[in-house]
Amino acid sequence: GLSALTTTFQQMRDMDAADILNRAQTYDASIGGDGVCLCSLNHPYDYGVWANTFQTQVDLHYLSLESALLRIGNEFVDDGGVRILVRGVNIVVPPALADAGERAIAGLFEPRSAPKLVVWDYLTNQDNWFITTTVNGLDWYEREPFTIKVDVDRKNDTVVVTGTERRKFTYTDPRAIFGAFPG
């Protein structure tokens, strides 16, 4: 009963959140952004463009992970073109890339200093992988928190259970993520 409803709402919340990454190559003004898709080669700033994806897409491997982390640290700039201090925090992969993610991390880092591997069941493309950064720009607005209401319908001798929640997942700064789309 109530446990299943709570689980269903959590799964829907995860699916909605993952949709930001699942559609990271498609621009949608209702989600957010700077006039281009979340992961793009052409994020505008005052003097040009910067990228949070590869020009030639690559599979997850320790060399591609290293390249992405270097790009994050060296090529992410603010609106004035000044390099910002940012680093990769989490490597987000679908279940099919869990082993590749572990090998890539092990090939580059000591266990204490490694980014965290996050395996997310709700990513729809089993080849795409992402790195979240120290930039705060992937946002979740909780308009109404999850609540359960239980009513007894004495006329029909039934219990009516309803759950409600209002939330929005969006992004305000694409520097919060780097994406690779080899598939």
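Here are five short exercises on the structure above, each with a worked solution.

This is a predicted model, so local features need pLDDT of at least 70 and side-chain atom pairs count only at pLDDT 80 or more, while totals for chains, interfaces and linings use all residues. Residues are numbered from 1 along each chain as its sequence is written, and side-chain values use heavy atoms, with hydrogens and water left out.

**Exercise 1. Get an overview of the fold.**

Step 1: Look for helices and strands, which are DSSP runs numbered from the N terminus (helices are H or I, at least four residues; strands are E, at least two). You'll find three helices and eight strands.

Step 2: Walk along the sequence and write down the pattern: α-β-β-α-β-α-β-β-β-β-β.

Step 3: Check how much is tucked away. Of the 183 residues, 37% are buried (buried means under 20% relative accessible area, exposed over 50%, partly exposed in between, with a 1.4 Å probe and protein chains only).

**Exercise 2. Explore the largest nonpolar core.**

Step 1: Start with the term. A nonpolar core is a set of buried Ala, Val, Leu, Ile, Met, Phe, Trp, Tyr and Cys residues joined through side-chain atoms within 4.5 Å.

Step 2: Pick out the best-connected members. The largest core has 22 residues, and Leu 60, Leu 65, Ile 72, Phe 76, Trp 129, Ile 131 and Phe 178 touch the most other members.

Step 3: See where the residues come from. Helix 2 (62-75), strand 3 (88-93), helix 3 (98-108), strand 5 (129-133) and strand 8 (177-180) each chip in at least two, and helix 2 gives the most, with four.

Step 4: Zoom in on Phe 178. Skipping neighbours within four places in sequence, its contacts (heavy atoms within 4.5 Å) include Cys 39, Ala 68, Ile 72, Phe 76 and Trp 129.

Step 5: Don't miss the second, separate core of 16 residues, which includes Ile 20, Ile 31, Val 92 and Phe 130.

**Exercise 3. Is His 43 buried or exposed, and what does its side chain meet?**

Step 1: Find His 43 in strand 1 (residues 43-45).

Step 2: Check its accessibility. With a relative accessible area of 0%, His 43 is buried.

Step 3: Look for polar partners. The side chain of His 43 makes a polar contact with the side chain of Asn 52 at 2.9 Å (a pair of N or O atoms within 3.5 Å; within protein, one must be able to donate a hydrogen and the other to accept it, and residues adjacent in sequence count only if both atoms are side-chain atoms). A polar atom of the His 43 side chain also lies 3.0 Å from the backbone oxygen of Leu 38.

**Exercise 4. Find the two faces of helix 3.**

Step 1: List the buried residues of helix 3: Ala 98, Ala 100, Gly 101, Ala 104 and Ile 105.

Step 2: Look down the axis of helix 3. These buried residues fall within an arc of 160 degrees, so they line one face (the arc is that of the directions from the helix axis to the C-beta atoms).

Step 3: Turn to the other side of helix 3, where Asp 99, Arg 103 and Ala 106 are exposed.

Step 4: Ask what the buried residues pack against: helix 2, strand 3 and strand 4 (116-119).

**Exercise 5. Inspect the hairpin and its turn.**

Step 1: Follow strand 6 (residues 138-153) and strand 7 (residues 158-171), which run antiparallel and are joined by 13 bridges (two strands pair if DSSP finds at least two bridges between them).

Step 2: Try one pair: Asp 151 has Val 160 in strand 7 as its bridge partner.

Step 3: Look at the turn, where four residues sit between the strands and Asp 157 has a positive phi of about 55 degrees. Most residues other than glycine have a negative phi.

Step 4: Check the accessibility of Asp 157: at 70%, it counts as exposed.
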